[in-house]
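Could you walk me through this model in the viewer, one selection at a time? I would like to know what to click on next and what I will find there.

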Amino acid sequence: MAPTSSPLTLIVATTPVRVASQDPANPEPVTRLGIGLNGTLPWPRIKADMSFFARVTSRAPEPGTTNAIIMGRKTYDSVPKHLRPLGKRISAIITRDTTGSVRKGVEEDLKKRKEKMAALAAAKTAGNVEQKDEPITDAIVVPSLDSALEELQEISGSVQALGKLFVIGGEFGDVDGVKRPLRIVMTNVVRKPEGGEEVPFECDTFWPLDYMDERNGWRSASPQELSEWVGEEVTGEWIREGDVEVQMVGYEKLD
Ligand SMILES: C[C@H]1COc2c1c(Oc1cccc(C#N)c1)cc1nc(N)nc(N)c21
C-alpha cells in the first residue's frame, strides 16, 4: 500500500507557445507551456510519447500492486471511448457532477472494457487464469483530488495494493494543497520540420506557470533520477518522430 508520504507524480506533455502579455507593465509576449486544444492534445498522435505515457503509468512498483491515474472528467472524456478507462490502471475521475450521469457513464465504460480485456486474455491463452499479481483495471468517480487520494488509499488492499500515484490531466492546479513530495514527468514537444523553422502548435489550455519555478522549491531531476522514477532509461535526448521532436525531463518539489 502506497504510504501517504509517497510522491504524487504529475505526468504531462507540453509545447512552448508565445502568447500576448497579460501584464500592461510588460507588453512583451511571453512563452507559456501549452497542454491542450479543444479538449484534447494539441498535436496528432505522437507514438513516442503515447507509448512512454502508457508504460510509465502502467508499470507497477511490485507484483500485486496497481498504479492510479487521477484526472478531471474532461481528460477522461478525451480518451477514445474504446480505450477508457485505460487498462492496467485504476482511474480516479474527478467531477462535481452530482446527477450521477458521469458515474453511470464510467461504470458502463468499465464494464465494456473489462469484457473486452477478458475476451482478449482468453483468446491469448485458453483457460487463462487471471494472474492475481497483474495490475487490474478499475475506475472510481470522486468530487475532488483530496477525495481521490483518500478513496484510493481505501481501495488499496481490498482488490490490489496501490502502486504509484499519477495526475494525468485536468486538475494539475489542485495539487498545491497536497502534502506529499511532488514530481513532474514532462514530455517537451516541439514541431520542427527537418532543417526548417519551429512551427508552434495552437493551444488553448496551459501548464500552471509557477510549476517548476526554483523560487517555489522545484528542482530539475537528472536523467538518472528520472530513469529511476519511471523504471526505464530516459536519456533526456531529443527524439525525432516525423516533424516533431520530443524530450522527456523531470522535476521534483520536496515538501
Ligand atoms: C490519456 C491522455 C491524457 O493524459 C495524457 C494522455 C495522452 O494520450 C493518450 C490517449 C489515449 C491513450 C493513452 C494511453 N495510455 C494516452 C498522452 C499523454 N502523454 C503524457 N506525456 N502525459 C499525459 N498526461 C498524457
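**Around the ligand**

Welcome, and please start by selecting β1 (8–19) and α1 (47–58): each of these two elements supplies at least two residues of the shell around the ligand. Keep in mind throughout that this is a predicted model. Of the elements in view, α1 gives the most to that shell, with four residues.

Now show everything that surrounds the ligand. You should have 14 residues on screen, and the closest are Ile-11, Asp-49, Met-50, Arg-89 and Ile-168. Colour them by class and the shell splits into ten nonpolar, two polar and two charged residues.

Next, pick out the contacts one by one. Begin at Ile-11, where a polar backbone atom is 2.9 Å from a nitrogen atom of the ligand. Move on to Asp-49: here a polar atom of the side chain lies 2.7 Å from a ligand nitrogen. Then go to Ile-168, which has a polar backbone atom 2.9 Å from a nitrogen atom of the ligand. Switch on a surface to see the cover: the ligand taken alone exposes 500 Å², and the protein buries 91% of that.

**Out to the pocket**

Hide the contacts and zoom out a little. Where does the ligand sit? The answer is the largest pocket, which holds about 1,300 Å³ of space.

Select the lining of the largest pocket, and 44 residues light up. To find the centre of the pocket, look for Leu-41, Thr-75, Ser-78, Val-79 and Ile-168, which lie nearest to it. Ile-168 is a handy landmark, being also among the closest residues to the ligand.

Which elements build this lining? Try β1, β2 (30–36), α1, α2 (73–78), β6 (161–169) and β8 (205–206), each of which supplies at least two residues. Once again α1 is the one to highlight, since it gives the most to the lining of the largest pocket, with eight residues. Colouring the lining by class shows 20 nonpolar, 14 polar and ten charged residues.

**Two backbone stops**

Two loops round off the tour. For the first, follow the chain to the loop between α2 and β4 (90–94), where Pro-85 is found. Turn on the backbone atoms there: the peptide bond from Arg-84 to Pro-85 is cis, with omega near -5°.

For the second, select the loop between β2 and α1 and centre on Asn-38. Its phi is near 50°, a positive value in a residue other than glycine.

Conventions. Residues numbered from 1 in each chain as written. Predicted model: local features only at pLDDT ≥ 70, side-chain atom pairs only at ≥ 80, totals over all residues. Heavy atoms only, no water. Near = heavy atom within 4 Å. Polar contact = N/O pair within 3.5 Å; in protein donor to acceptor, adjacent residues only side chain to side chain. Areas by Shrake-Rupley, 256 points an atom, 1.4 Å probe, with all protein chains shown as cover. 1 Å grid on protein atoms, 1.4 Å probe; cavity = no way out; pocket = protein on both sides within 12 Å on 5 of 7 lines; lining within 4 Å. Sits in = over half its atoms within 2 Å of the grid points. Nonpolar A, V, L, I, M, F, W, Y, C, P; charged D, E, K, R; others polar. Points joined across faces, edges and corners; volume = space filled by probe spheres on them.
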